[in-house]
Every structure is written in structure tokens, then in C-alpha cells.
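Hi,

Here is the structure I promised to pass on. Have a look at it first, and my notes on what turned up follow underneath.

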Amino acid sequence: MVRARRVVAVLSALAVLVGGAGACTAGGDGGGGNPRDFAELKRWGAAEWDRWAQRHDFRNPVVPGLWSAEKMDQAPPQQPAPAPDGPSAEASAVSAPAPTGPAPTGSASPPAAPPPVAAQPVPRPYTSYPASGKVFMTAPNGGTGQCSATVVADPAHPGRSNLVWTAAHCVHEGKGGDWYRNLVFVPAYNSSGAASDHRRATLAEVAPLGQWWADKVITSPLWTTEGTKGGDAANQYDFAVVRVRGPEGETRSLEEAIGTAVPVWFDAPREQLAIQAWGYPAVAPFDGQELERCDSGRPGSRSFDASRPPMLVIGCTMTAGASGGGWFADGPDGRQRLVSNTSIGSQAHTALNGPYLEETARQALAYISRS
């Protein structure tokens, strides 16, 4: 989320983050290894993903002491201007100028969202649910921001995952922009409540499981070429996967250190889902210091471009700051799985929209897992 001007990123193809790299090639014309359009992206295999990632490298050197408890507390989101006919930008972004993007592709279908569901506080301590946490970042041109995120299972390293799932607009500015920098993940942020109501707290109190710095990120390349300030077709692929490394002296993986990681459920049957959305909303009546959840049940759908998978829509009153937070549902084996993440919300803060995770998202996770 942002502090001065909020950047809401949107996505549609895949891109790699490594804090502070040069801007990637804009325009969906195949430049810089980008797919020319969504149809081309769907035909990508491992070789295309690898080629794209190599051309969009990312560096995120650890800066000891950068993210103090006070600095994390002072990185609240700024409420963005709502999209004219749809969801407001309910995602985190940093205080950098928001890039201007192309008009949405195709016609937007009216949202079919369930009734509003009031967000409820998650009982403390949050270390009982350590897969949920926050990501913090700085913009290339200055300013800090925050999002929500989830530790997910790594298919290539079972039991030893270092992967975190969030929204694409939490890692990249979008069309004409650059990668965010100083990206760090804090599992179980403010677990004890020491920093609630913006009280002064120690770093150990707000980051009981440490700060985990990003060293690689993958997101949709169409996000980096299409992402804009408001809701449109790019949001239908607004997801990102971040690989992190542990605090100094930590030899365990993130999953080993916190004791859990959530499997991702691709191509989940929409009609069978009962969704719970988690996140750290930061716009009133929330303060960004509390982990909230919405037990939203079966999702509706929303589409800005009929050629792309429609987004999932749920009733939920969480506000900006919840962006990137995980959406969960019980899988066929009864185990909780991640099925989406918060991307954009509604003007009245009564609904949230999240990308439907299908083959493109599966390939993104497979790329960062094998690399």
C-alpha cells in the first residue's frame, strides 16, 4: 500500500522481481521477451518463462536495520480513487506516481458479488497462523508501502518452502514502471498486538518470526506491460510469487522456521469453493495492525476481458492494505489451500475481487520453484 500516492498494479502475464533492477520493456509487442498478447502467453512453456525472466532480472540486497518497527508502522496505504464503474483500487502500493495504462480490453461485465460480509478479527497470537503476514517495500522514486501475503508450499522443495504469494501490484508499478525495492516479508506481523493503535513497539514484538528479504520474484509479464491505477483486464492476473531468504544466521527455510506453508489449488472448481479471505486492512475503520478475515462462502465472478479467466468476487468489508492477502478454501482432501489473493475492491468497501489461478499462475509458481 502506499503512503502518499498509491500505486495499484494490475497484471496479465509473467515477470520477475529482484528489487532495484532497471525498468522492464513496456508495451505488449514482444519486446524484452514479453508476450504480444494473452493468447501468446497461454502458449508459453518453460523456455519462454526462462527467457523472459533472464531479461527482467531483479536484485534486492539486504539493508540491515532499514525496516524498523516504526518505519513499518508508518507505511500505511493511501485510499486510492475508485474506478469509475467498478472496483476501487483496494490494494497496497507505494508512494510513487501511478503509471497510466491502456484502456481495458473488451467490455467489463457487471460484478456478480455475494452480499457483504463483515471482516472479523483473527484471534491472537498470530503465530498460531504464521503463513499469513505482511510485505513491505519502497518505490523506485521514494516512499514506502505495505501489502498482505501468504507462505505457500514449494512443489520442488516439499517441507522446505521459501515462497510467499501476494499481488502483482505489490511488487511492480505496472505499465511504464519499475520493480519495488527493499521488499521484505514479515510472517505473523504484530502477533501479540503490541503495535495495535499505532503504539510504539519493538522490532521483536512486531516481527516475532523475523524479516525475510526477497531475492527473486515472478509475476505476469502482461502486468508489467498493462498494469494501471484502476481495475481493468490486467487485474485478472494480479498475482506474484516471491522467494525469500532468512534473517542472518537462520539456516532453516521459511516453512521450517514458521512450521507451515499453504498449498496452491489451481483450476479450483468455482462452484465448490467456500472462501475465507485473510489480510491486514489499513484504511478506517482498520489500522493495518490487525489480521482480519472474511468467511465469504461461494464466490461470484467479474470479467473485464472475456478472453481471460473471470476474477473471483466475494463479499468482504476489508479495505486497502488487504491487497495480496490469501483467499483459502478446503481442497478435496480437506486441507486448506490458497485459491486466490485480494486484488481490487468495491467503491463501498463491501466486496473484494481476486484473480482466478489457472495454468498461467501454475507456470509462474513452477518457474520460481525450479529456479
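Let me start with the nonpolar cores. The largest one has 72 residues, and within it Trp165 and Phe185 touch the most other members. There is also a second core, separate from that one, with 19 residues; Val117, Trp265, Leu312 and Val339 are among them. Do keep in mind that this is a predicted model.

Stepping back to the whole chain: seven helices and 16 strands are found in it. Of its 371 residues, 61% are buried. The contacts reach far along the sequence, too: taking those between residues at least 6 apart, 79% join residues at least 24 apart. As for the surface, about 13000 Å² is exposed, with carbon and sulfur atoms supplying 50% of that area.

Next, the disulfides. How many does a search of the whole structure find? The search turns up two disulfides. If you number the bonded cysteines in sequence order, they pair as 1-2, 3-4.

One of the two is formed by Cys147 and Cys170, with 2.0 Å between the sulfur atoms. This pair links distant parts of the chain, 23 residues apart: Cys147 belongs to strand E4 (residues 144-152), while Cys170 is in the loop between strand E5 (163-166) and strand E6 (181-187). The link of Cys147 and Cys170 is left-handed, at -85 degrees about the S-S bond. Are these two cysteines buried or exposed? Cys147 has a relative accessible area of 0%, so it is buried. Cys170 comes out at 1% relative accessibility and therefore counts as buried as well.

The other bond joins Cys294 to Cys316, at 2.1 Å from S to S. Cys294 is in strand E10 (residues 292-297) and Cys316 is in the loop between strand E12 (311-315) and strand E13 (326-330), so this disulfide ties together parts that are 22 residues apart in sequence. The link of Cys294 and Cys316 is right-handed, with 70 degrees about the S-S bond. Cys294 is buried because its relative accessible area is 0%, and Cys316 is buried with a value of 0% too.

Strand E12 also turns up in a sheet worth opening in your viewer. Four strands make up this open sheet, running in the order E11-E12-E16-E15 with antiparallel pairing. Which strands stand at its edges? They are strand E11 (300-302) and strand E15 (344-345); each has a single partner strand, so one side of each is left without a neighbour in the sheet. E11 and E12 run antiparallel and are joined by three bridges. In that pairing, Ser301 stands opposite Leu312 of E12. Leu312 is also one of the residues in the second core.

One last residue to look at is Ser253. You'll find Ser253 in the loop between strand E8 (240-245) and helix H6 (254-258). Why does Ser253 count as buried? Its relative accessibility is 6%, and the cut-off for buried is under 20%. Leaving aside residues up to four places away in sequence, Ser253 touches Gly159, Arg160, Ser161, Asn162 and Trp212.

Over to you, and shout if anything is unclear.

Cheers

Key. Residues are numbered from 1 along each chain as its sequence is written. This is a predicted model: local features need pLDDT of at least 70, side-chain atom pairs count only at pLDDT 80 or more; totals for chains, interfaces and linings use all residues. Side-chain values use heavy atoms; hydrogens and water are left out. Helices (H or I, at least four residues) and strands (E, at least two) are DSSP runs, numbered from the N terminus. Buried means under 20% relative accessible area, exposed over 50%, partly exposed in between (1.4 Å probe, protein chains only). Contact means heavy atoms within 4.5 Å. Accessible areas come from the Shrake-Rupley method with a 1.4 Å probe; for residues, only the protein chains shown count as cover. A disulfide is a pair of cysteine sulfur atoms within 2.5 Å. A nonpolar core is a set of buried Ala, Val, Leu, Ile, Met, Phe, Trp, Tyr and Cys residues joined through side-chain atoms within 4.5 Å. Two strands pair if DSSP finds at least two bridges between them.
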